[in-house]
Amino acid sequence: MTDTDKNNEPISQSCQGTPWKDETQTPFIKIIEVSKRFEDATAVDNVSLDIYRGELFTILGGSGCGKSTLLRMLAGFEPPTSGRIFIDDVDITDMPPYERPINMMFQSYAVFPHMSVAQNIAYGLKKEKLAKAEIKERVEEMLELVQLTDFAKRKPDQLSGGQRQRVALARALAKRPKVLLLDEPLAALDKKLREQTQFELMNLQDRLGTTFVVVTHDQEEAMTLATRIAVMKEGSFIQTGTPGEVYEFPCNHYVADFFGNINVFDATVIGNGEGTVEVELDTSGTRIIAPHHEAISEGSRIQIGVRPEKLLISTEAPTGEQYTITRGVVEDLAYYGNRCVYRVRSHTGRIIQVSAQNYQRSAELLLEWDDEVYLSWDTQCSVVLSE
Amino acid sequence: MSIIANPGNRDRLWRSSVIALPYLWLGLFFLAPFAIVFKISLAEPLIAQPPFSPLWGIAEDGTRKLLATLDNYLFLLEDKLYWVSYLKSIKIALISTLLCLLLGFPMAYAIARTPQPWRNLLLLLVILPFWTSFLLRVYAWIIMLGKEGLINNGLLGIGIINEPISLLYTDVAVYIGIVYTYLPFMILPLYTTLEKLDLDLHDAAADLGGKPLHVFRDITLPMAMPGIIAGSLLVFIPALGEFVIPALLGGLDSLMIGRTLYDEFFMNRDWPLASAVATILLFILILPIMLFQRLQQEPQQ
């Protein structure tokens, strides 16, 4: 799946509407000013977050950003150094993991190797002291849910990676938790299985209505799964929003770069308008009026970002006032079948990346190496990046 | 005539000789000596050189005749002394194994959870006693367990006891000696299994509602079972035939089978009876070993 495809697909919305925009809704999970400090480092730094019932919320970040520590605090394996965590208006901060209405699917799956598939799924129910008949019923229901009915008596070492993952999922869902935590749920699967499992997870979440909190380092996984994404770096959230928001309206260079490619131009603010800022690009001196919701003082150094697929590439200059236009030479191109990626050297000498859909059916390339081209983009597509 | 006609044959020959090597070793240094011991156990004691009757004799009609007798085994069955001795050995070995397990498990667990490089240091400390002669270490215990020894003086010093208690030449001393000597054999295999234990499994069990004690019972214990079995056998087997520790630290009443064997062999010079005692001891040992083999194969099925 390519970057551009992803944008054309409808954004998954497992929960009803957008509860985070509705002020009458109360959050289901409330993380309030939570910090976790280890002896020599702060893993999670004063983080606050509201997650609503039925969301498929994704915490995204590179390794060591504190996302796993946050998840472990939700599960109850690590006590926070400070702050409180509420679920369904109950303070669970000091509750041991075995009492929390939360279950977790581990990255390693942590399927008990000495128990059969059915015994694994039944484990949590036995600890809950449910009646034998009910346990049996619930195990069968779960086996059916993850399509492992024929494997009930197998031991984990007789299963494939994908099957073990489904055992882990069934085991975590068997107790009907209020919240399911998933630590890198797709990381250990190969590409094909990952795409399939991704849709299965979304369907499952849709059917059960359980609130899912997913931790991942994979932006593609986050984009396709999530109702909302929180981008985490060095123990704090940098940006929280829907996949569309974080992709199209990244708040800074880091977020913009995390989700796919972006061309970044250094610029200076020369004026403010109604919901816009006027900037001058350093290299070309081009003036752009970019959309931005708050005023930035004149003379400030900022960056302007443009996604490769927002750029148009053509041999003739486009007409229209909304376009920012620059000229260049095709230095490199990569043919992907459904699209081409061009690396164009502009007349100021810098490389600009363009991704263009191959909307015409032709065995020949529309543009060749060393072609003189015009690059243009709708000013609305310029993103003001704060750093 | 050439056996090594082609490389395939040579390969096979090489492979089978590699496999044959351990069998050859076992045959030469275990099976053959055991056959000899078993043969002697079927003989009658003689005051001669060697001090037992030959297996084959010449009958009156001049033919060879088997002179084997089961008298020694029958005698062992009849005389209560040997039964008591066997049972006492089994009891001491079992209790020592259990004590080693109770002491060794938390130690192995703690070592497995200690971050490096401390972990290697702790392991080194476990193995350290082996650098001194076993006999010297047992002699050291004689000094420590004596009436004027470190333990009595210490207990007197802090006022727990008013007069020295007898430790040396009691069963307590034997237990202390065996547990002290064989504890590393318990800790090392336990450590190896506990070190490999995935901590996510603990978290997962807790996450699913397992209280800490349940997590230990449901996850840690079954997962550590190979280590527990290996460690227990490594303690139980040598403890059962232990001779030096009860001889040096034990009282006259702590007559373990090793001592009985020694007495029969060196004091009474009854080689056939001593051989019978050894043969039966071997069969007592083979049982738990076979059990262990069975348990080891189970997870592979």
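This briefing covers the interface between chains A and B, the annotated transmembrane regions of chain B, and the surroundings of one residue of chain A. The model is predicted. At the interface, 22 residues of chain A are in contact with 20 residues of chain B. Away from these chain-to-chain totals, A:Gln165 is examined as a buried residue of chain A.

**Extent of the interface**

- Together, chain B and chain A bury about 1800 Å², and carbon and sulfur atoms account for 60% of that area.
- On the chain B side, 38% of the area buried against chain A comes from B:Asp203, B:Asp207 and B:Leu208, and no other three residues supply more.

**Polar and charged pairs across the interface**

- Two salt bridges are counted between chain B and chain A.
- One salt bridge joins B:Asp218 to A:Lys127, with 2.8 Å between the closest N and O atoms.
- Nine residue pairs are in polar contact across the interface, with both residues of each pair at pLDDT 80 or more.

**Make-up of the chain B side**

- Two elements of chain B, helix H8 (199-207) and helix H9 (212-240), each give two or more residues to the side that touches chain A.
- The greatest contribution is that of H9(B), which gives eight residues.
- By residue class, the side of chain B that touches chain A has ten nonpolar, seven charged and three polar residues.

**Annotated transmembrane regions of chain B**

- An unreviewed UniProt entry carries the annotation "transmembrane region" for residues 21-42, 90-109, 121-144, 172-191, 227-251 and 271-292 of chain B.
- In the model, residues 227-251 of chain B are 80% helix and 0% strand, and the C-alpha atoms at the two ends lie 33 Å apart.
- Residues 271-292 of chain B are 100% helix and 0% strand, with 32 Å between the end C-alpha atoms.

**Surroundings of A:Gln165**

- A:Gln165 lies in helix H5 of chain A, which spans residues 161-173.
- A:Gln165 counts as buried because its relative accessible area is 1%, and the cut-off for buried is under 20%.
- The A:Gln165 side chain comes to 3.0 Å from the backbone oxygen of A:Pro185.
- Apart from neighbours within four places in sequence, the residues in contact with A:Gln165 are A:Met105, A:Tyr109, A:Pro185, A:Leu186, A:Leu189 and A:Thr197.
- A:Pro185 thus appears both in the contact list of A:Gln165 and as the residue whose backbone oxygen the A:Gln165 side chain reaches.

Notes:
Residues numbered from 1 in each chain as written. Chains lettered and ligands numbered in written order. Predicted model: local features only at pLDDT ≥ 70, side-chain atom pairs only at ≥ 80, totals over all residues. Heavy atoms only, no water. Contact = heavy atoms within 4.5 Å. Buried area = accessible area lost by both parts, 1.4 Å probe. Salt bridge = Lys/Arg side-chain N within 4 Å of Asp/Glu carboxyl O. Polar contact = N/O pair within 3.5 Å; in protein donor to acceptor, adjacent residues only side chain to side chain. Helix = DSSP H or I, 4+ residues; strand = E, 2+ residues; numbered from the N terminus. Nonpolar A, V, L, I, M, F, W, Y, C, P; charged D, E, K, R; others polar. UniProt positions renumbered as here; feature names shortened; annotations may be inferred. Buried < 20%, exposed > 50% of the residue type's maximum accessible area, 1.4 Å probe, protein only.
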